[in-house]
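Colleague: I would like a close look at a single part of this protein. Please pick one helix and take me through its surroundings.

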Amino acid sequence: MSKILVIGSAGQIGSELTLKLREIYGGDNVVAGIRKTSISGPLAETGPFNEVDVTDAKGLAITLKKYRIDIIINMAAILSATGEKDPMMAWNVNMNGLINVLEVARELKIQQVLVPSSIAVFGPSTPAENTPQETVLKPATIYGITKVAGELLGDYYVKKYGMDVRGLRYPGIISHETLPGGGTTDYAVEIFYEAVKNKKYTCFVNEATRLPMMYMPDCLKSTIDLMHADFNKLRHHCDFNVGAMSFSAGELAASVKKYIPGLEIDYQPDYRQAIADSWPNSVDDSPAREQWGWQPDYDLDAMTRDMLRAIRAKQKKELI
Ligand code: NAD
């Protein structure tokens with residue numbers, strides 16, 4: 001059985017991915033790489049955890065040897081909105097961190113490295129509707145710049161060293177277990193919490209803002225399906241578009257209102273509006289569908305129902 005290290009394991013995606021992989025590979029075979037020396041809760045209870053800082057290549061190599069890791073999933077990143085507040089930190093974690101991961105993986109002959117990319121690789125000059133796999137990559141954020149460079153770097157390691165490096169361009173990810181970590185699509189999570197708690201939400205992008213989005217179960221499925229795909233059948237490696245749904249902030253609010261009719265929503269766009277405006281409305285993910293069978297399960301209403309159910313259950317538990 002392969003042994004996996006998930007770096008950035010306490011984050012929005014890493015936390016759920018680590019638990020899902022432990023269900024598949026067994027708890028002991030999936031190490032949670034965290035920034036702290038200690039954690040509590042399911043991540044700590046269901047398998048090993050270890051402090052991992054991607055900017056520390058020596059420390060990373062020690063962890064990989066200690067647990068005899070075969071597969072690295074690098075979820076460590078500084079996201080779009082946080083990155084605009086501290087571009088140097090975004091560069092350091094996303095670029096220096098990534099090259100450390102790739103170099104240490106090369107030296108230790110790691111079997112597979114998976115590095116997510118993002119729709120943030122696209123920019124204002126990219127066609128916004130049904131954005132193709134191969135298109136203009138001129139992002140307007142430091143986060144997007146690191147993601148474009150990250151895709152190219154991963155592809156370079158495939159070509160130059162024959163390594164197995166894979167990645168996919170996640171759209172905005174919506175989930176209810178771990179709060180998002182400073183991205184431009186965070187409003188699509190916040191609205192559910194505020195709708196349940198206060199029946200009121202002030203959205204930081206305007207009503208017409210339309211972006212590609214994905215519910216966490218599909219995010220986990222896409223990641224694991226790509227991990228398991230036959231490498232020899234992949235014609236792309238680190239830059240797969242993956243789509244699931246696409247909706248405007250107004251359509252999201254309308255979907256939530258179907259289940260919480262009293263919800264009041266207003267729109268006060270801030271600096272994140274310009275970032276959202278530079279990203280696509282929807283993506284063409286046919287290469288992912290053709291090369292590794294990608295197929296999402298959730299649409300907007302199915303996601304809304306599940307998010308509200310889960311957040312209400314969480315709220316009930318917290319009240320007890
Ligand atoms: P997140 O911010 O929730 O989690 C990132 C994790 O990285 C955090 O736990 C943080 O502690 C950790 N981290 C930060 N600096 C680190 C360092 N130096 N060393 C090790 N760990 C460090 O992010 P996420 O939403 O879980 O994103 C995971 C990946 O998916 C990232 O590559 C991100 O760019 C990509 N992505 C996410 C979304 C989304 O909507 N969540 C969309 C597109 C792409």
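Modeller: What follows is a walk along one helix and then into a strand that it packs against. Bear in mind that this is a predicted model.

Take helix α3, residues 57–66. At its start, Asp56 comes in from the side: a side-chain oxygen of Asp56 lies within 3.3 Å of the backbone nitrogen of Lys58. Past the helix comes Arg68, with a positive phi near 50°.

Now sort the helix by burial. Leu60, Ala61, Thr63 and Leu64 are buried. Viewed down the axis of α3, these buried residues fall within an arc of 160°, so they line one face of the helix. An α-helix has 3.6 residues a turn, so residues three or four places apart point the same way. The other side of α3 carries exposed residues: Lys58, Ile62, Lys65 and Lys66.

What does the buried set of α3 pack against? Its partners are β1, β3 (49–51), β4 and α5 (87–107).

Of these, look at β4, residues 71–74. Both of its faces are covered. Ile71 and Ile73 are buried on one side, and Ile72 and Asn74 are buried on the other.

Strand β4 also has strand neighbours. β1, residues 4–7, pairs with β4 in the parallel sense over 4 bridges. There, Ile4 stands opposite Ile71. β5, residues 112–114, runs parallel to β4 and is joined to it by 3 bridges. In that pairing, Ile73 has Leu114 as its bridge partner.

Definitions and conventions. Residues numbered from 1 in each chain as written. Predicted model: local features only at pLDDT ≥ 70, side-chain atom pairs only at ≥ 80, totals over all residues. Heavy atoms only, no water. Buried < 20%, exposed > 50% of the residue type's maximum accessible area, 1.4 Å probe, protein only. Helix = DSSP H or I, 4+ residues; strand = E, 2+ residues; numbered from the N terminus. Pairing = 2+ DSSP bridges. Arc of directions from axis to C-beta. Contact = heavy atoms within 4.5 Å. Polar contact = N/O pair within 3.5 Å; in protein donor to acceptor, adjacent residues only side chain to side chain.
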